[in-house]
Structures are given as C-alpha cells and as structure tokens.
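Student: I'd like to go through this one with you, sheet and salt bridges included. Can you put the model up?

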Amino acid sequence: WPQWRCDASRSGATDASGPGQPSLLWQLGLGRPDPAYDHQYRMCADAADAPVAAEGLVFIPSNANDQVLACDLQTGAVRWRCYAEGPVRFAPVYADGKVCFAADDGYLHCVTARDGKRLWQVRGAPESLPDSRTLVNGRLCSRWPARGAPVEHRGVVYFAAGIWPEEGVYVCAVNAETGRLLWRTDAMSYVKNGMSDHGRAYDLSLPPHGYLA
C-alpha cells in the first residue's frame, strides 16, 4: 500500500490478499491529530493519520508532532522518526526504497525507507521568493506550506504548495530518484471563470489542500 488509497489513481484497491482470519497484532497510541481546518468538513483530509506500508514497515505522518514515524509492520516496534519544520498533514509516498512526504515547512522531503536517512528536499515555491515563516492555522510555517499531498507515477513525484493564491500557489514535478525539479507551474493561482454560482461566472483561484491524483 505504497501511497494514499494505494496508487496514483487513488483507486483504494489492491490485488494483494489479506489474512483469512484477521486478528489484532499490536497497537500504538499516536495522540490526537491537529487538523488545519477542523471546522471545515470539505477540507478535513488531515483529520486522521493516514499510513502507507512497504518493505515490512508502516509509515505514519503526524500533523501534531511534525514527523513521519516508521514502525515494524509485524511487531509495531518503532524503527525511525524523521522530523520536518512543520506539520506533516498527509500520507507519505513510498517508491523504490524511498519515502517522500510534504510538510508545512514548504518542502517535499525524501528519506530512505529502511532507516529514515535524508536524501534530498525540494521547495514548492520558487527560490526567487523568500523562505519566510508566518502563522498558519496556529503554527509557525512557511508562507507556502506544502499541502498538495504527494503522488508518485512512473518515477515522478508531484506535489503542491501555497494556500494564498494572491501570493502564488504552485504544482511541482520532481524526479523521485534524484530530487531534480522537472517543472513548476503557478497556473492554479488564477483560473478565469473557474466557478459558476447561481448562473454567474467568477474567477477562482485554487489553493491545493489535499490529495493530488
């Protein structure tokens, strides 16, 4: 189950078989999540910790402890923790021995799946913009937090950053092996006639908050 809802299409299905008679193997107290918009039901994608699994490990993000936690899938033993400089609100992505996750510090981070060793990181906003911090949902985070949750397809990881379209929101494509930025677009910062309300068209900017597909 390498990424949220299994694959890049977010199909929620797998060909792998489960146990014939499921039983509890272990449990781990993670504490209460701290979602960004706990009063907005349409933006509650980070209301629960969303794990993914690969290589006999389960990788669990935390928007309360600013980390990704790796546990043994059979015993629940903690193998490693990797911290970001802001909440990790959405499920990470596993691909070819690596785990990628986006955080409110504005970066896509990549670590080794086996031991959590840092490999590379890519900022969502352009380098021409200041890497400044501001209060976002009660936390000190990047002005362009990475809340467009990553998705991997054919060796490329896609993610998005920014929540104020007036300051720019960005979608990025990154080489999963090397961390090389392939492209970045701010096309979502302004969408002409992007919304129709009661028969009237409005320009609509789209802040990326949730899971890309």
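**Charged pairs and a sheet**

Tutor: Sure, and keep in mind that this is a predicted model. Let's start at Lys 192, which counts as exposed because its relative accessibility is 55% and the cut-off for exposed is over 50%.

Student: Which residue does Lys 192 meet in a salt bridge?

Tutor: Lys 192 is in strand E15 (residues 191–197), and its partner is in strand E16 (residues 200–204), eleven residues apart. That partner counts as partly exposed, at 39% relative accessibility. The N to O distance is 3.8 Å, and the salt bridge cut-off is within 4 Å. The residue is Asp 203.

Student: How many salt bridges does a search of the whole structure find?

Tutor: General idea to begin with: side chains of opposite charge can pair when their charged atoms come close. Searching the whole structure for such salt bridges gives a total of eleven.

Student: Is Asp 66 buried or exposed?

Tutor: Asp 66 sits in the loop between strand E2 (57–62) and strand E3 (67–72). Its salt-bridge partner is Arg 139, with the closest N and O atoms 2.6 Å apart. Arg 139, in strand E10 (residues 139–142), is 73 residues away along the chain and is partly exposed at 23%. Asp 66 has a relative accessible area of 13%, and the cut-off is under 20%, so Asp 66 is buried.

Student: Which residues are linked with Asp 46 in a network of salt bridges?

Tutor: Take one pair to begin with: the side chains of Asp 46 and Arg 89 meet at 2.8 Å, N to O. They come from distant parts of the chain, Asp 46 in the segment before strand E1 (52–54) and Arg 89 in the loop between strand E4 (78–83) and strand E5 (93–95), 43 residues apart. Both Asp 46 and Arg 89 are buried. The network links Asp 46 with Arg 89, Asp 104 and Arg 147.

Student: On to the sheet. Which are the edge strands?

Tutor: Five strands make an open sheet with mixed pairing, in the order E14-E13-E12-E11-E17. An edge strand here pairs on one side only, and that gives strand E14 (181–185) and strand E17 (210–211).

Student: And what is the bridge partner of Tyr 158 in E13?

Tutor: Look at strand E12 (residues 156–161), which is joined to strand E13 (residues 170–175) by six bridges. The two strands run antiparallel. In E13, the partner of Tyr 158 is Ala 173.

Definitions and conventions
Residues numbered from 1 in each chain as written. Predicted model: local features only at pLDDT ≥ 70, side-chain atom pairs only at ≥ 80, totals over all residues. Heavy atoms only, no water. Pairing = 2+ DSSP bridges. Helix = DSSP H or I, 4+ residues; strand = E, 2+ residues; numbered from the N terminus. Buried < 20%, exposed > 50% of the residue type's maximum accessible area, 1.4 Å probe, protein only.
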